[in-house]
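Here are my notes on the model you sent over. Have it open while you read.

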Amino acid sequence: MKVFVCRICGDPYMGEESPDACPFCGAEKKFLVSSSVWKDENNIELTDISRKNLETSLKLEVSASKFYKCVENTVANTEISKVFKNLRKVETEHASVFKKLLKIDTDPEVEEVCVDDIIASLEESNRREENAVKLYKQFAEEAVEPRVKEVFEAITKVEENHIIIDNEMMAKYKS
Ligand SMILES: [Fe+2]
Ligand SMILES: [Fe+2]
């Protein structure tokens, strides 16, 4: 057995082979490294702009995670509930990545509501993911710290995958 650690979220995965993507934050395979070479890369000075962008991102992730939890607990369809459970866990992990860079351990206060409707839930998810992709691309460009740029680029790819999942589910449940 080998121990792999994700360079984006810092979580460990144990197995013979590196997984195709981080099972926790969804980062690409290339970010999974052997525990023998992994080191904490989050202890950096942040510029004002990156701090502001990370705070905005943290709010967005906590809000998304609350929304996903609401759908998970509200929607009657098991497949959709489980898809939203997975999305909720990934977004919670993204919030934790941003908190590590901000050196804080509390979530901002947000309340989210949702309805028991599959298409409405997928559309709302899609709207959130599109917004995250747009902002994170901008935040990656604005970051002068290589670590912050790398984190925003890695998480942008994960949110882009969430849009693909939303679209697949939409096609399935609209027909
Ligand atoms: Fe990860
Ligand atoms: Fe996210």
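The points below go from the overall fold to one helix pair and then to two loop residues.

1. Before anything else, keep in mind that this is a predicted model. The protein has four helices and three strands. Follow the sequence and the order is β-β-β-α-α-α-α, with the strands ahead of the helices.

2. On overall dimensions, the radius of gyration is 16 Å, close to the 16 Å from the globule rule for 175 residues, so the protein is as compact as a globular protein of that length. The C-alpha trace spans about 45 × 40 × 25 Å along its principal axes.

3. How much of the chain is buried? Buried residues account for 46% of the 175 residues. As for the surface, the protein exposes about 9,300 Å², and carbon and sulfur atoms supply 53% of that area.

4. Contacts across the sequence are worth a glance too. Take the contacts between residues at least 6 apart in sequence: 71% of them join residues at least 24 apart.

5. Now the helix pair I'd look at, H2 (residues 78-102) and H4 (residues 146-174). Their axes come within 12 Å and cross at roughly 170 degrees. An angle over 145 degrees counts as roughly antiparallel, and H2 and H4 are therefore roughly antiparallel to each other.

6. Which residues make that contact? From H2 there are Glu79, Ile80, Val83, Leu87, Val90, Glu91, His94, Val97, Phe98 and Leu101. They meet a set in H4 that includes Arg147, Val151, Phe152, Ile155, Val158, Glu159, His162 and Ile165, along with Asp166, Met169, Lys172 and Tyr173. By class, the H2 contact with H4 has 14 nonpolar, two polar and six charged residues.

7. Just past H2, have a look at Lys103. This residue lies in the loop between H2 and helix H3 (118-142). Phi of Lys103 is near 55 degrees, a positive value in a residue other than glycine, and I'd like you to check that spot by eye.

8. Last, Ser18, which is placed in the loop between strand E2 (12-15) and strand E3 (32-34). Is Ser18 buried or exposed? Its relative accessible area is 17%; the cut-off for buried is under 20%, so Ser18 counts as buried. Leaving aside neighbours within four places in sequence, Ser18 is in contact with Phe4, Lys29 and Leu32. To place Ser18 relative to the helix pair, use Val151, one of the H4 residues that meet H2: the C-alpha atoms of Ser18 and Val151 are separated by 20 Å, and the two residues are 133 residues apart along the chain.

Methods. Residues are numbered from 1 along each chain as its sequence is written. Chains are lettered from A and ligands numbered from 1 in the order in which they are written. This is a predicted model: local features need pLDDT of at least 70, side-chain atom pairs count only at pLDDT 80 or more; totals for chains, interfaces and linings use all residues. Side-chain values use heavy atoms; hydrogens and water are left out. Axes are lines fitted to C-alpha atoms, for helices over the stretch in contact, and angles run from 0 to 180 degrees between N-to-C directions. Helices (H or I, at least four residues) and strands (E, at least two) are DSSP runs, numbered from the N terminus. Angles under 35 degrees count as roughly parallel, over 145 as roughly antiparallel, 65 to 115 as roughly perpendicular and the rest as oblique. Contact means heavy atoms within 4.5 Å. Ala, Val, Leu, Ile, Met, Phe, Trp, Tyr, Cys and Pro count as nonpolar, Asp, Glu, Lys and Arg as charged, and the others, Gly among them, as polar. The radius of gyration is taken over C-alpha atoms; the globule rule is 2.2 Å times the number of residues to the power 0.38. Buried means under 20% relative accessible area, exposed over 50%, partly exposed in between (1.4 Å probe, protein chains only). Accessible areas come from the Shrake-Rupley method with a 1.4 Å probe; for residues, only the protein chains shown count as cover.
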